[in-house]
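Let's take a walk through this structure together, beginning at the ligand and ending at an enclosed space. Please have the model open as you read.

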Amino acid sequence: MKIAVIGGGSSYTPELIEGIILRADQFKVDEIVLVDIEAGKEKLEIVGALAKRMIQKSGLPIKVELTFNRIKAITNADFVLTQFRVGGLDARANDERIPLKYDVIGQETVGPGGFAKAIRTIPVILDICDEIEQYSKDAWLINFTNPAGMVTEAVHKYTNVKVIGLCNVPVNMKQMAANILEVDRDDLNISFSGLNHLVYATKVFVGGKDKMNTLIERIAEGRNMNMRNIHDAPWDKEFLQALQALPCPYHRYYYMMDEMLIEEKEAAELRGTRAEQVKVIEKALFKTYSNPNLDVKPKELEERGGALYSEAAISLITSIVTNDHAIHTVNVPNNGTIPNLPDDVVIEVSCVVNSEGPQPIQVGTLPSEINGLIQQVKAFEQLTIEAAVTGDKGKALLALTTNPFVPSSKVAKLLLQDLLETNQDYLPQFHK
Ligand code: G6P
């Protein structure tokens, strides 16, 4: 069993290594290859050394290799995990700051920021997929790279690689719901459907009893249903009761856009955008990782938004390897699961996972109040993917104009110009 991790120098890697160690009794890994680009040499070496110490401490016979050679990493891999960030945190900070100039939400994965990240990332993932098709055509690609829904959809539409898009939001929502209801996570049945970072929990059951209203009441009373990276604006009780579903933490940017924008602008001025804050956290994290006596995942990693990432990734791989038919919420082609959406778009949905991969659990027609937003955001995503692949500026303009955060085609045009100029080193498709 060989696992290749692209973006292996990421600060999240110890999370992944811990997951592999904790699941060692369920499936046996022989080799982990961490691959990164030369510019990330220092990070790869620090995090790679920590990964080796963690494995050594576990006593497991797993070989950890570090390389800059992507083809070598991919060759004969059983699983390829992608967790890279084109342009690093500087590019993310631009994605977050540029929209604010136009009074538009600036966020890493949604809105114009997510658009910019997608057009930088999609050409790179397609190159990686070319290599997977050549050097490990049966491998599963587990994509954690953001914006995970759009990146996964691009892979599905333009390559033959077996891909599953993964996000830690559903597993965190499930954990938080279990905490709020004071039950064990495994005793909670929760159904998810929607899009990545726009997913709804539509059913919540414990021991056959519907717990949706109890949960809504407790969330409206202020119980935590959020991630570390998102401002904790409180949910309105009447709204949630009318919706009869739990929005994900990212829904705040859509349903409380005014409040979130004010907070983002204040934060950008006083504390820096999230990427700027993350840079500070990362600096401290890598200092901690460099300690030659450290051989466990440090607590400080919890400051980041990626909680339970390894849980999501490694339990998913376990289900594929062991054919355990467990339920995971992942990003997969729609294929009729939500009849309101085209077959070839990627949705985030609860699936039964076996050795053939994820089998989506039928959702049925979405109600108008959810369908409206999903349709609009999916149209934005489809246009963004097309623009990312073709470099067509008209499609890019339509993508941004279609996004719910963007108030007019005029603002969309200004934003596009700014984003294309700022990111030009990463966008050869637009500067042919
Ligand atoms: C959440 C999201 C991830 C995102 C992360 C950012 O966990 O689900 O998609 O990458 O937050 O966290 P950060 O600490 O980098 O702001």
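A polar contact here is a pair of N or O atoms within 3.5 Å. Keep in mind that this is a predicted model, and that the distances below are computed from it.

With that cut-off in hand, turn to N229: one of its polar side-chain atoms lies 3.1 Å from an oxygen atom of the ligand. N168 places a polar side-chain atom 2.6 Å from a ligand oxygen, and for R274 the distance from a polar side-chain atom to an oxygen atom of the ligand is 2.6 Å as well. How much of the ligand's accessible area does the protein cover? On its own the ligand has 390 Å² of accessible area, and the protein covers 96% of that.

Now widen the view to the residues around the ligand. There are 16 of them, and those that come nearest are N146, N168, R274, R304 and G305. Sorted by class, this shell holds six nonpolar, six polar and four charged residues.

Next, let's look for enclosed space. Rolling a probe the size of a water molecule over the atoms reveals where empty space remains. The count of cavities of 30 Å³ or more comes to one, and the largest cavity has a volume of about 100 Å³. Its lining is made up of 15 residues, of which T109, V110, M150, N196 and E381 are the closest to the centre. Helix 6 (148-158) and helix 14 (368-390) are the elements that give two or more residues to this lining. By class, the lining of the largest cavity has eight nonpolar residues, six polar ones and one charged.

Conventions: Residues numbered from 1 in each chain as written. Predicted model: local features only at pLDDT ≥ 70, side-chain atom pairs only at ≥ 80, totals over all residues. Heavy atoms only, no water. Near = heavy atom within 4 Å. Polar contact = N/O pair within 3.5 Å; in protein donor to acceptor, adjacent residues only side chain to side chain. Areas by Shrake-Rupley, 256 points an atom, 1.4 Å probe, with all protein chains shown as cover. Nonpolar A, V, L, I, M, F, W, Y, C, P; charged D, E, K, R; others polar. 1 Å grid on protein atoms, 1.4 Å probe; cavity = no way out; pocket = protein on both sides within 12 Å on 5 of 7 lines; lining within 4 Å. Points joined across faces, edges and corners; volume = space filled by probe spheres on them. Helix = DSSP H or I, 4+ residues; strand = E, 2+ residues; numbered from the N terminus.
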